[in-house]
Number of protein chains: 4
Amino acid sequence: MINLALFGAGRIGSIHGENVARHPLARLVALHDPFKDNAVRLCENVGCIQMTPDQIFASEDIDAVLICSATDTHADLIEQAVAAGKHVFCEKPIDLSLQRVRQCLERVSQSDCITMVGFNRRFDPNFQILQRQIEAGDIGAVELVSIISKDSAPPPVEYIKVSGGLFRDMTIHDFDMARFLLAEEVVSVSAQASCLVDPAIGEAGDVDTAVITLTTASGKLVQISNSRRASFGYDQRVEVHGSEGMLVAQNVIENTVVAHSKSGVTSARPVHFFLERYETAYRAELDSFVRCLMGEQLKLPTMDDGLQALMLAEAAELSVQQGRNVSLSELD
Amino acid sequence: MINLALFGAGRIGSIHGENVARHPLARLVALHDPFKDNAVRLCENVGCIQMTPDQIFASEDIDAVLICSATDTHADLIEQAVAAGKHVFCEKPIDLSLQRVRQCLERVSQSDCITMVGFNRRFDPNFQILQRQIEAGDIGAVELVSIISKDSAPPPVEYIKVSGGLFRDMTIHDFDMARFLLAEEVVSVSAQASCLVDPAIGEAGDVDTAVITLTTASGKLVQISNSRRASFGYDQRVEVHGSEGMLVAQNVIENTVVAHSKSGVTSARPVHFFLERYETAYRAELDSFVRCLMGEQLKLPTMDDGLQALMLAEAAELSVQQGRNVSLSELD
Amino acid sequence: MINLALFGAGRIGSIHGENVARHPLARLVALHDPFKDNAVRLCENVGCIQMTPDQIFASEDIDAVLICSATDTHADLIEQAVAAGKHVFCEKPIDLSLQRVRQCLERVSQSDCITMVGFNRRFDPNFQILQRQIEAGDIGAVELVSIISKDSAPPPVEYIKVSGGLFRDMTIHDFDMARFLLAEEVVSVSAQASCLVDPAIGEAGDVDTAVITLTTASGKLVQISNSRRASFGYDQRVEVHGSEGMLVAQNVIENTVVAHSKSGVTSARPVHFFLERYETAYRAELDSFVRCLMGEQLKLPTMDDGLQALMLAEAAELSVQQGRNVSLSELD
Amino acid sequence: MINLALFGAGRIGSIHGENVARHPLARLVALHDPFKDNAVRLCENVGCIQMTPDQIFASEDIDAVLICSATDTHADLIEQAVAAGKHVFCEKPIDLSLQRVRQCLERVSQSDCITMVGFNRRFDPNFQILQRQIEAGDIGAVELVSIISKDSAPPPVEYIKVSGGLFRDMTIHDFDMARFLLAEEVVSVSAQASCLVDPAIGEAGDVDTAVITLTTASGKLVQISNSRRASFGYDQRVEVHGSEGMLVAQNVIENTVVAHSKSGVTSARPVHFFLERYETAYRAELDSFVRCLMGEQLKLPTMDDGLQALMLAEAAELSVQQGRNVSLSELD
């Protein structure tokens, strides 16, 4: 049995907290959230107690921590956790500053703790099958990857302001997906972006619609397209074109009922948002973390994966600003 | 909190037992199974104790029973349960004998207990949406219903021998589905059946492939097609043609990945069998039972629904034997 | 070059006439239609002259005739044609009377003329592929066939009155499709039918909605479902379940555009009616006839295929009247 | 009746020549091709005579010319044609040199002749429906366009060498499709390209795999992805994401048969190549030209559309060379 403590009892913290509560091999011992209401509610839901961060790090009972607190607390908590010998699961991003992430990874590398960044989409069963079929050579050499990733609706502008921008907040998942599917690092990034969905997002200094192209050393090409709003539901698809075939992971739809009428043949919409779409992925993600802590050898998204995705976001931002391809080597 | 006891710790009993264990408003207090191994294993899994039937019926703690034992014990247990004032969930069929079922329903009708037959497919989210859309008039008047229901593989011949035959064992779900979707009773049944899958099934006196046509008083027509074996997975579809449109509930498939190759464009197979396909339905079914016990007004499949489906099975068998349409009124 | 004459310049005659006009190896020399307007219009469209039946049969220039006139003229024209040594393509049905068809086939069998019945659906490219895959053993032994065949809208009641009834007029195509796909003759027919679409059809003594089950000697089962009205377009599908797989020929849809909106994901409707759906089939059908006349060995639907389909229609009608399975041997 | 003469009797010339031969309102009077074999064969097929270019331009019988000859003859022939008062249909591209195209358009603008560039995909029925639905506002404001365009197999390297490169030869259709679907001009182009399919293409100085991003003044974004080889068939799709919905034109597939087996559910491949996929489009394109010559007011792809698409190709090439966004205004 693995004993876990949780930082952050908001939306994403609740998902992980409840998944721990249901996991046969894990137990949520304690949680911390400065917003007392969140903390109390989640404690009741999952049957655990509140602790201060110091109590958590000092507790001999606790094997690992789940960091789901505000982004600007992530790096500090990671460092404290590994210093206290606790294994770490941390929601993305590690930090919005590349420099701070590098510093944090330096500390992590000096410990023996198991650490993992929460790139949940790697655990989506459909994307996993896609990745395994690529790896098995089913489509020959990968040549073109297309990642479509659109939210059903934009977050509040208040969130946008502290999010680090579209590339660090939203595209970061797609950057990681690209790296998950390619067997090769990206060397160059080109991005174009607009504010088309909501002018308030533009006024907050961010964009809401973007197209990003990644290139690898051998010339494989990746297209990402993002929008903060898809009126028809959460649009999350991946298409991989190889020398001997093409694989597409389609949207998950709400149900299997198809209606035939004068206006056409209508299937259900994609499921509404990430909670529904990635419910299974969140459970599988936590399960992988727990099983690694119990000694299994599984491939987890590492802290370095978190760093690499952030570098791609940084390069994309630079590309938009300067209207040119940005080489990853420029960020070293 | 509802306290439940379970009869039968086999495959279907385990499903319900585990669903109770996970239900926030229900608790599995005890179970009984004459096969000690099953009983012990499930008790461990769900954290309950063994009791004899007498102890269960005598216990003041127990609000209701789930009857998942061998078919020939169902009617007796139902009668004992309602005599003891316990609410009853009973797996289909109530009994293989129409006479015995009628006798049992007579007893049930004298009690105030809530009783329910386990027609799980009524709780499948896709079929529920289909039924609601019909009810809402989305396709006008229902005219033609087609129910395709094929198992991925036949059960052991030993099971076939005690199953009551294809119509009572397998088609019974489709008979109930027809009644669920039509707003009108069936008046006549015509059936044709063959043994095409496995000669051993024929030697056991049963058929493995069948086509059944149901007619209602107003002339609506229902086609059912059954096979004990679908090489490509569990094939469970419903198609309803109305005066103003058509609704189709398609198969649930294993994943959303589509492969494009020289040989075509390939999607995943239907999920393998009923455990996967109706997992959600089993949970929703139990949840509805529990919520009814807590006072909610929900439409549950009744004991009479169990009787009606069995009568359709009986009529289908007679139709095959005599090569003619059988009127339901002949069975009164 | 094959020289053809055409009887009947109505809707179906025009299709064939225009297809001859476009065929590189055939020429429409003359046509006859007692309705002068039709005759004149089609002559202009395709550039041919009018002739009387006697002139057509006497002409040494004419190799073959296409019989697309009123049903009650078919058998006479076939007999006159083969007596005159003309090859014959005849639209279905040969006649509404089984006895008359048998008499006609007796005459045909005494000639060396090539004769063919217009079961156009055998020439639909999708159904052809389906049939070839079955024949190639792709799905093992055929066990269950489902044929869905619904018109987009009922014909005028005046047409219904002279049509011979749903089974002889509409289902006849499905009976032939069943025979085309099975490698075995049907031995027994069961049918259920209703008047649900338009009471005027019932008043005219016909039905508009039907379900028919065919059984072969080895126990293969075929389901046909018919309606005179599918609000969403021409519904023409075939599904064949075999021991090792299932093949489905889906509807042909109007275009490939898929719209995603709040109300779902909408594809185009099936094409509207048989002229659009079977346009290619009509061309291929004529082409096969012409190529046979030029000496190629192709499998054409024979006059006997026309007889067999009519016998199935007769059996279906008897089954509805008597509420029982009808054996084909009863019709001998 | 419109009388036409044809330059070029190769693959594309034959398509147009045969479409004229079948058109009820047009006649192919003459053709010219320096390759005598091609000329003779097509003359026989369509029943016309050979003429020299001078004879064609001098003939009072000829209303218009179809220019399907080698690319380097296009601009000269266009100029001669309009000088002789002949209307012009010209295959893309007008010329590989931007300067030459501009010069040619200058001449064309001084005549009253109807001129048209052969962007056949604008006449594909599926893309037409897509465009009309966008125009009708079905998806609100267009925000993201994705054009996938992959050939089934690369042309011979000899062809590649004179083709003007991937962007001018292949992507030019996609550039025009983008302009067809956007109601706004492109202002900036970014392109990334690789040689992944065949090293011989790279040795010939070209690329075979590319990703291009277009930006309009208001910030709409267009993604194009190209490959010279799609192992599974001709891959031609368009996806348009708008503020209120998304439209997708899917591939046209070979047939409607779907096979269910242990390995999944397999539909047919996309049709093999452009001759099959755009057969209808080529006919509709010619028909529009003819109907314009007869006085109808239809929107044809103009010579300026040809220029604009070529400018986008030029900008894409520059973008690849310099690793930056290229503004269209740089090409003025």
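**View 1. Salt bridges between chain D and chain A.** In this predicted model, four salt bridges are counted between chain D and chain A. One to look for joins the side chains of Glu239(D) and Arg237(A), with an N to O distance of 2.6 Å.

**View 2. Polar contacts and the strands behind the chain D side.** Zoom out a little from the charged pair and look along the interface. Here 22 residue pairs, both partners at pLDDT 80 or more, make polar contact between chain D and chain A. On the chain D side, the elements giving two or more residues are β7 (142–150), β8 (186–194), β9 (209–216), β10 (221–227), β11 (235–242) and β12 (245–249). The largest share is that of β10(D), with six residues. By residue class, the chain D side has 12 nonpolar, 19 polar and nine charged residues.

**View 3. The extent of the interface between chain D and chain A.** The size of an interface is often given as the accessible area lost when the parts come together. For chain D and chain A, the buried area is about 2900 Å², and carbon and sulfur atoms contribute 54% of it. Contact involves 40 residues of chain D and 40 residues of chain A.

**View 4. How chain A relates to chain C.** Now for the symmetry. Chain A superposes on chain C after a rotation of 180 degrees, with 0.0 Å of shift along the axis and an RMSD of 0.0 Å. This is the relation of a two-fold axis. To find the axis from chain A, go to Thr266(A): its C-alpha is the nearest in that chain, 2.1 Å away. The copies meet through the same surface, because 100% of the interface residues of chain A are also interface residues in chain C.

Definitions and conventions. Residues numbered from 1 in each chain as written. Chains lettered and ligands numbered in written order. Predicted model: local features only at pLDDT ≥ 70, side-chain atom pairs only at ≥ 80, totals over all residues. Heavy atoms only, no water. Contact = heavy atoms within 4.5 Å. Buried area = accessible area lost by both parts, 1.4 Å probe. Polar contact = N/O pair within 3.5 Å; in protein donor to acceptor, adjacent residues only side chain to side chain. Helix = DSSP H or I, 4+ residues; strand = E, 2+ residues; numbered from the N terminus. Nonpolar A, V, L, I, M, F, W, Y, C, P; charged D, E, K, R; others polar. Least-squares fit on C-alpha atoms with pLDDT ≥ 70 in both.
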